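Biologist: Please pick a single spot in this structure and look at it closely. Start with one residue, then work outwards from there. Short sentences, please.

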Amino acid sequence: MIYFILELFSFLLYNKSICYINRHIFYKKEKEMDNNNNQYGQNNGQYSNYQDYTANASYQAPPDDRGGKRTNGLQIAGLVCGILAICTSCCYGIPGIIFGIIGLICAIIGNNRSKSGVGTAGLVCSIIGIVLGVAALIYYIWAIAYLNEIGYLDMILQGM
């Protein structure tokens, strides 16, 4: 049972040198215990010659298996600015365009450092925010020009 737990633990750590040493030690210890024990499983007061060979072995950290998919701050800033660009694009389009450009720059720089889904989402949200902001700006310019053409703005300004 101890051998199985040790094998599982060493498999999780991906450390073959420590695994080999530990396997050798526990095999040796179990063999000595079997030789020293009588038929009832008692030790008869004898000491084993067990030596700890892991005292001089250095600890090795498990490998970083994230594969470069770490999210950095610029990617998160690009996502936040992209979401703000979409939300504020209805405010005459100007804040949407500004947040969209800032988010686009942050997402591109962040994606150059490391690729992840957050950076891609920031890039997409920023582009959508810029498109919606430009569309809203064009619509409001057209609406104001149309209202001025039919004389509605002059009526509003005279009423004030």
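Modeller: Let's start at Trp 142. Its relative accessible area is 52%, so Trp 142 counts as exposed, because the cut-off for exposed is over 50%. Keep in mind that this is a predicted model.

Where does Trp 142 sit? Trp 142 lies in helix α5, and so does Tyr 146. Four residues separate the two, which is about one turn of the helix. Tyr 146 has a relative accessibility of 41%, so Tyr 146 is partly exposed.

Now look at the rings. A pair of aromatic rings is described by two things: the distance between the centres and the angle between the planes. The model has four aromatic pairs. One of them is made by Trp 142 and Tyr 146, with 5.7 Å from centre to centre. Their planes are 10 degrees apart, and the pair is stacked. Stacked is the right word here because the limit is under 30 degrees.

The pairing goes beyond these two residues. Ring pairs connect Tyr 92, Tyr 139, Tyr 140, Trp 142 and Tyr 146 into a cluster. Tyr 92 is worth a visit, and we will come to it.

First, the surface. Trp 142 and Tyr 146 also belong to a nonpolar surface patch of about 840 Å². The other members are Tyr 139, Leu 147, Ile 150, Tyr 152, Met 155 and Ile 156. Which helices supply the patch? Helix α5, residues 117-149, gives at least two residues, and so does helix α6, residues 152-159. The largest share comes from α5, with four residues.

Take one patch member from the other helix. Tyr 152 is in α6. Its relative accessible area is 40%, so Tyr 152 is partly exposed.

Back to the ring cluster and its member Tyr 92. Tyr 92 lies in the loop between α3 and α4. Tyr 92 is exposed, at 55% relative accessible area. What stands out in its backbone is the phi angle: it is positive, at about 65 degrees, although Tyr 92 is not a glycine. Most residues other than glycine have a negative phi.

Ser 89 shares that loop, which runs between α3 (73-88) and α4. Is Ser 89 buried or exposed? With a relative accessible area of 8%, Ser 89 is buried. Leaving aside neighbours within four places in sequence, Ser 89 touches Gly 96, Gly 129, Leu 132, Gly 133 and Ala 136.

Step back to Thr 88, which lies in helix α3. Thr 88 is buried too, at 18% relative accessibility. That value counts as buried because the cut-off is under 20%. With neighbours within four places in sequence set aside, Thr 88 is in contact with Pro 95, Gly 96 and Phe 99. The C-alpha atoms of Thr 88 and Ile 98 are 9.7 Å apart, with their positions 10 residues apart in sequence.

Follow α3 to Gln 75, which is also found in that helix. Gln 75 is buried, with a relative accessible area of 0%. A polar contact of 3.1 Å joins its side chain to the side chain of Asn 111. Beyond neighbours within four places in sequence, Gln 75 has contacts that include Arg 70, Cys 106, Gly 110, Asn 111 and Val 118.

Now turn to Asn 112, in helix α4 (residues 94-113). Asn 112 is exposed, at 63% relative accessible area. The C-alpha atoms of Asn 112 and Gln 75 are 9.9 Å apart. Along the chain, those two residues are 37 places apart.

Finally, the whole chain. The chain has six helices and zero strands. Buried residues make up 24% of the 160 residues. Among contacts with a separation of 6 or more, 65% join residues 24 or more positions apart. The accessible surface is about 11800 Å², and carbon and sulfur atoms hold 65% of it.

So what should you remember about the starting point? Trp 142 is an exposed residue. Trp 142 stacks with Tyr 146. Trp 142 is also part of the nonpolar surface patch.

Key: Residues numbered from 1 in each chain as written. Predicted model: local features only at pLDDT ≥ 70, side-chain atom pairs only at ≥ 80, totals over all residues. Heavy atoms only, no water. Patch = residues over 30% accessible without salt bridge, like charges linked within 9 Å, V, L, I, M, F, W, Y side chains within 5 Å. Areas by Shrake-Rupley, 256 points an atom, 1.4 Å probe, with all protein chains shown as cover. Salt bridge = Lys/Arg side-chain N within 4 Å of Asp/Glu carboxyl O. Buried < 20%, exposed > 50% of the residue type's maximum accessible area, 1.4 Å probe, protein only. Phe/Tyr/Trp six-rings, centres within 6.5 Å; stacked < 30°, edge-to-face > 60°. Contact = heavy atoms within 4.5 Å. Polar contact = N/O pair within 3.5 Å; in protein donor to acceptor, adjacent residues only side chain to side chain.
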